[in-house]
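Reader: I am new to reading structures, and I would like to understand how words such as "buried" or "salt bridge" are earned. Could you take me through the reasoning slowly?

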Amino acid sequence: MIAKIERKSNFKGNAILLALVSVMLLFEVMIRIAGKGSLFAPANISNLINQNAYVVIMAVGMLLCILTGGNIDLSVGSIVCLVGAVAGVLIVNHGMNIYLAIVICLLLGILLGAWQGYWIAYVRIPPFIVTLAGMLLFRGLANVILNGLTISPFPDNYLRLFTSYIPAADNDGAQLAVSLSVAAVICVLYVVSEAISRRDKIRKGYATESLAALITKVVLICAFAIAFATLLGLHKGLPIVLVWLAVIIFIYGYFTSRTVPGRYFYAMGGNEKAAILSGIDTNKVLFFAYTNMAFLSAIAALVCCARFNSATPSAGTSYEMDAIGSCFIGGASAYGGSGTVGGAIIGALLMGVLNNGMSILGIDANWQKAVKGLVLLAAVIFDVLSKKRRKNG
Amino acid sequence: MDDLILEMKNITKTFPGVKALDDVSLRVKRGEIHAICGENGAGKSTLMKVLSGVYPFGTYEGQIVYNGRNCEFQSIRDSEKAGIVIIHQELALVPLLSIGENMFLGNEQGTKFNIDWNETYGKADQYLKLVGLNESSHTLIKDIGVGKQQLVEIAKALAKDVRLLILDEPTASLNEDDSRHLLDLLLEFKKKGMTSIIISHKINEIAYCADTVTILRDGASIKEMSRDEGFDEKTIVNAMVGRDVAHRFPSRTPKIGPVVFEVKDWTVYHPTYHDKIVCDHVSLTLRKGEILGISGLMGAGRTELAMSLFGRSYGTDISGHTFINGKEVVLKTPKEAIENKISYMTEDRKGNGLILPEPITTNTTLSSLYKIVKSGRRITIDRDLEIEQTKKYIAETGTKCSSHEQVVGNLSGGNQQKVLLGKWLFAEPDILFLDEPTRGIDVGAKYEIYCLMNSIVDSGKSIVMISSEMPELLGMCDRIYVMSEGRIAGELTQEEATQEKILTMILNSEKGRVKLHDSKD
Ligand SMILES: Nc1ncnc2c1ncn2[C@@H]1O[C@H](COP(=O)(O)OP(=O)(O)OP(=O)(O)O)[C@@H](O)[C@H]1O
Ligand SMILES: [Mg+2]
């Protein structure tokens, strides 16, 4: 799936994927040597997904902001906190219907985003400043709502929406079968869609990639999907949050790579003046980027509430850094105009693997931060250097 | 034996997928003006970038012998130390810094921790005088025109103690007067012993000033001609294109119809200096099937007029009326203009036209993405259709590229211009504004573009062409408006129009304005 939603399957995208695989292998070796099990233990893979779902969701939104010209959103962590607080008050304190509460929370996210987006896009206050203000403002409001206290626990029917597994946990034995069949269905759909697109291309006389390359690609992706599903099946089944992630990734991957408005983001980041003279309303693009970012943060907030089963005043702290870091590790340009959803997700996973691997190895949390900082820097340095090399031929 | 200042031997330079230079040799004599000619993408700029260390030693093959010594430049800094200074095809001045600051950028006067500003501006003024530029060195770059900026670049080079000056298309965006001034300056420096290499597509200029001409074609040097053996415009073009270019402008029997576009009392103010009037009650008409020229000096407000008409993409406090086919329209954004089948091709391809890090495909289709959506869907782009369309326009404009996926920033200057043209042809407008459409385009390709323009108007569309090259306007246009200081100074039909008449109109209009001022005071 990741390979499919890449905007262009270029050298850079593959390099990031390669980095992810090598980091995983490196940890695997170290964990084995330390005798602490395996990074690829089914429980751990499941964990990895649950732990990092929020980063993936926010990285996708952040990518759109960054595409418009290297603009970032510092307020996302605070939005997670504020929306989480509202969810807590509505669901736990007032016992509101959870679906109604979810809709209210998502609308709140859109509203917060529109507020910031208006200043950024139409008044052209620098995003850094607007979202820095938002970061303070929203966290402040969240703490007012929470009164400095933690709200918990959330009702079961709410938790089930984000933290359960398919099939339900009491259904032992069926897990492997279910996750494998889901993987099989996905593989079949994928193969069919590739075949149809190839047939169309040939019929219309367009250039196609060689059959051998296509088959290799398809086999690799299917093999990966099945291996992945097997691991999940061996634990508790498919985490439901993975389904939400897949939906979000699919929508945004498609949006950025295949649609007209998606193209606008790249055009604006590449050369805003040229984009305007090509008839693109760049204010609208910017406004959408920030509104959407807050909307996705609200989704992340709902996921986090369920995962921690609480709404706390410190929720979402430094999430903005995770999201921004993922995009840059995933090859987004710090000047905008280039980057892919696939890259951002791989970046998020890379950060997740680092966290997870180092935790298993028992590395001190402070050192973990230092390592993540270095990785972020290394990724960007690599990006810059490889661009330079390509320029000089 | 000639006294060679520079000899480049067997230079080969490859980019991924392209061999830009293939075993090229260049011999430059001390104290001469050496011209390099060739079609777009022939490798002229690349050769000069190799020479000046933009592409460091090791990224190319071959040998550079300068002043009898073998050179292995790692960076521009190295080549500058040796006295080789390059002025690039695209100007590289910082708009918000003053002339003086720009001139000594990277070459600051005084000590590292204490810049001597008196020395800086004092010296800057001296060099400005040397190049005949009548501006204070405190003036900001953004406040002077391109012609003057080009002179600042030269002054900057002089300040670096230049012995071999390389100019890559220095006159591409200059009008005739400014170009002539620049060339005379080179001739003067030549008398003082400076050597220069000049790249230009304006063959008359080369015939005017060069001592030797080297001709490149497809990355190979195919001919060297020297003044002693005799050359003129015709022989150079002949050697360059490989055939006779008898006519510079294709002929066309105009099929002119009714008025399709009309502007009345169009007034525009400057976007930052709100009391400065840029277009002053401009009225004009454009007919079906017509090529309409707008002539005028730099800063006459031609670009500003076109851009403000194109969905108010320039200026503030715009007033006036526009009519399409007799019906009044109000075009508030470029999007609305495009929807009404008006297009504007900018003169500033890097700044306003192209997205350099993106491939040719995305650039070509950007202004009309809805033409390549999958049938039956509203926003999904059909990549295959996009590629097919792009290929069509690459062929139509004769863009030389390694593939339709080549990043536009890697194309040669002239080929970028062709991509820009293709982009607006793809929009299939009824009314097409072309602002300096042939800037940086080689002689052969120019003819092709003129043919393209003719076929556009033959199919019943209309073109407004803004150009600083008067022969081009005279050769192509059915009618010419002369603009001066934001106003229409007059109108000439093709039969009436001559260079002198246009210049007189501009002059009279300026005089009239001065008188007006005098009587007011
Ligand atoms: N960085 C690059 N990457 C890939 N190809 C390049 C790069 N730079 C130049 N080229 C290719 O090298 C060839 C020569 O380009 P060059 O800019 O030297 O042409 P030129 O003679 O200066 O043309 P023009 O008259 O249009 O300025 C072109 O085909 C161009 O596409
Ligand atoms: Mg060039």
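Author: Let us begin with a cut-off: a residue is called exposed when its relative accessible area is over 50%, buried when that area is under 20%, and partly exposed in between. Please keep in mind that this is a predicted model, and that the values below are computed from it.

Reader: What makes B:Asp317 count as exposed?

Author: The relative accessibility of B:Asp317 is 55%, and because the word exposed is used for values over 50%, B:Asp317 counts as exposed. This residue is placed in strand β16 of chain B, which covers residues 316–324. B:Asp317 also has a positive phi of about 50 degrees, although it is not a glycine.

Reader: Why is a positive phi worth pointing out?

Author: Most residues other than glycine have a negative phi. B:Asn10 is another residue with a positive phi of about 50 degrees that is not a glycine, and B:Asn10 lies in strand β1 of chain B.

Reader: Why is B:Asn10 called partly exposed?

Author: Its relative accessibility is 42%, which falls between the limits of 20% and 50%, and therefore B:Asn10 counts as partly exposed.

Reader: What is the peptide bond from A:Ser152 to A:Pro153 called, and what is its omega?

Author: That bond is cis, with omega near -10 degrees, and A:Pro153 lies in the loop between α6 and α7 of chain A. As a general matter, most peptide bonds are trans.

Reader: How do you know that B:Arg252 and B:Asp478 form a salt bridge?

Author: The closest N and O atoms of the two residues are 3.1 Å apart, and because a salt bridge asks for a side-chain nitrogen of Lys or Arg within 4 Å of a carboxyl oxygen of Asp or Glu, this pair qualifies. B:Arg252 lies in the loop between α8 and β13 of chain B, and B:Asp478 in the loop between α16 and β21 of chain B, so the pair ties together parts that are 226 residues apart in sequence.

Reader: Are these two partners, B:Arg252 and B:Asp478, buried or exposed?

Author: B:Arg252 has a relative accessible area of 18% and B:Asp478 one of 9%; because both values are under 20%, both residues are buried.

Reader: How many salt bridges are found over all chains?

Author: A search of the whole structure finds 25 of them. One of these joins the side chains of B:Arg27 and B:Glu7, at 3.3 Å from N to O; B:Arg27 is in strand β2 and B:Glu7 in strand β1 of chain B, 20 residues apart, and the pair links distant parts of the chain. B:Arg27 has a relative accessible area of 34%, so it is partly exposed. Another salt bridge is made by the side chains of B:Lys142 and B:Asp143, at 3.4 Å from N to O. B:Lys142 is partly exposed at 43%, and B:Asp143 is likewise partly exposed at 43%.

Reader: What makes the pair B:Thr399 and B:Thr397 a polar contact?

Author: The side chains of B:Thr399 and B:Thr397 make this contact at 2.8 Å, and the limit for a pair of N or O atoms is 3.5 Å. B:Thr399 is found in the loop between α13 and α14 of chain B, and because its relative accessibility of 10% is under 20%, B:Thr399 counts as buried.

Reader: Where does ligand 1 lie, and which residues are closest to it?

Author: Ligand 1 lies between chains A and B. It is surrounded by 22 residues, of which the closest are B:Lys44, B:Ser45, B:Thr46, B:His201 and B:Gly414. These shell residues divide into six nonpolar, 12 polar and four charged, and α1 of chain B gives the most, with three residues. An oxygen atom of ligand 1 is 2.8 Å from a polar backbone atom of B:Gly41, and an oxygen atom of the ligand is 2.9 Å from a polar backbone atom of B:Gly43. Taken alone, ligand 1 exposes 640 Å², and the protein buries 94% of that.

Reader: What makes A:Tyr118 suitable for the nonpolar surface patch?

Author: A:Tyr118 is partly exposed with a relative accessible area of 42%, and because patch residues need over 30%, A:Tyr118 passes that test. The patch measures about 1,000 Å² and includes A:Trp115, A:Tyr118 and A:Leu141. A:Tyr118 has its place in helix α5 of chain A, while α6 of chain A supplies the largest share of the patch, five residues.

Note on methods: Residues are numbered from 1 along each chain as its sequence is written. Chains are lettered from A and ligands numbered from 1 in the order in which they are written. This is a predicted model: local features need pLDDT of at least 70, side-chain atom pairs count only at pLDDT 80 or more; totals for chains, interfaces and linings use all residues. Side-chain values use heavy atoms; hydrogens and water are left out. Patches are made of residues with over 30% relative accessible area and no salt bridge: like charges are joined within 9 Å, nonpolar side chains (Val, Leu, Ile, Met, Phe, Trp, Tyr) within 5 Å. Accessible areas come from the Shrake-Rupley method with a 1.4 Å probe; for residues, only the protein chains shown count as cover. Helices (H or I, at least four residues) and strands (E, at least two) are DSSP runs, numbered from the N terminus. Buried means under 20% relative accessible area, exposed over 50%, partly exposed in between (1.4 Å probe, protein chains only). A residue is near a molecule or strand if one of its heavy atoms lies within 4 Å of it. A polar contact is a pair of N or O atoms within 3.5 Å; within protein, one must be able to donate a hydrogen and the other to accept it, and residues adjacent in sequence count only if both atoms are side-chain atoms. Ala, Val, Leu, Ile, Met, Phe, Trp, Tyr, Cys and Pro count as nonpolar, Asp, Glu, Lys and Arg as charged, and the others, Gly among them, as polar.
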